[in-house]
Amino acid sequence: MIPILYNKNEVGFTTQGIGALTDALTCYVEEARNGEYELEMTYPVNGIHFADIAEGMFICAIPSPYRKKQPFRVYKITKPLDGIITIYARHLSYDLSGIPVMPFKASGVNTALNGIKANAVQSSLFLFWTDISSGAEFSLESPTAARSCLGGIRGSILDTYGGEFEWDYYDVKLHDKRGKDNGVTVRYGKNMTALDCEIDAENTITGIMPYWQKEGVLVTCDPKVIYAEEAAYQKSIPVDFTTDFQEQPTPEQLKERTENYIKENDIGEISVSLDVSFVQLEQMSGYEGLRVLEACDLCDTVTIQYENLGINIKAEIIKIKTNVLTERYESVAVGSVRAN
């Protein structure tokens, strides 16, 4: 698609705004699971609407070939180099970083999300939604930016309840699982063009020592450590489940919660990171009948197959880079996010 430029005070994004940036040389949107969500564009100084491009303006562009356009606010413009500037913009949701929230406490994820809006020091158009049903306690101890309340700091919504964020204009959606499995297979000899695989067992945890502690009372399991079913060696860590229970649990209840935690967080599984490039077959001639089956987006599950390397695994798409102008993926990262 052709990116569209809007004024910095635009809220509807239903018109053509200031106009289409038809002379864009390149335009990419990069989004990571619960991470960065940014646009980068190069534009000639003699291009249409060049004089209108400024910090604070919005550029609307598709974040993937399968989603509607989203607004990105310009935060940086480089000086012309050989008559070309580079424009950097962040998704509209980053405006939440400029909305302070006063301290509050909440019981349950829905109450916590609504509390962010209710305790914000200024009004906004942002709305919050989730399909998670956790009743865990949430506590904000000091004034904090709204986006930091959602994720990125200890005790945030994401840290407390887990899940995967989807940012859609002013709608903030916290999914238990954002993506799905359409049966897409990326395979050498079919649609794979490049593959970089890294397997790291250094930080793999195989067991959890759960505990509940309140007012001097400590509850643990018997045995103290619950291991993943197929753990090849023992490496366990303590995990505090105090906020998961409103009343003191029995050791049996604590054990059941731990077993679910092990499944939910893939405890015991070795970290596999894959950077994959592939051709989108659903856009190729002859694959029209498989269009839905070959489509995949951020947080979707895909199967990666490379027989010569012994790779045949299901993994989640954790980062995408979309070429906005061609409406195709530039790159896709699949697997575990590396800490940085």
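**Buried cysteines and a one-sided helix**

With a relative accessibility of 0%, C149 counts as buried (under 20% relative accessible area, against over 50% for exposed and in between for partly exposed, using a 1.4 Å probe and protein chains only). C296 sits at 3% and so is buried too. As for disulfides (cysteine sulfur pairs within 2.5 Å), the structure holds zero.

A quick word on the setup: this is a predicted model, where local features need pLDDT of at least 70 and side-chain atom pairs count only at pLDDT 80 or more, while totals for chains, interfaces and linings use all residues. Residues are numbered from 1 along each chain as its sequence is written, and side-chain values use heavy atoms, with hydrogens and water left out.

Overall, the protein has four helices and 24 strands, taken as DSSP runs numbered from the N terminus (H or I of at least four residues for helices, E of at least two for strands). Of its 340 residues, 42% are buried. Among contacts (heavy atoms within 4.5 Å) with a separation of 6 or more, 62% link residues 24 or more positions apart.

Helix α4 runs over residues 251-264, and its 14 residues reach 20 Å from first C-alpha to last, close to the 20 Å expected (1.5 Å times one less than the number of residues). Its buried residues are L254, T258 and I262. They lie on the same side of α4 because they cover an arc of only 80° around the axis (taken from the directions from the helix axis to the C-beta atoms). Their cover includes strands β17 (207-214), β18 (217-220) and β19 (226-227). On the other side of α4, E252, K263 and E264 are exposed. Just after the helix, D266 takes a positive phi of about 55°.
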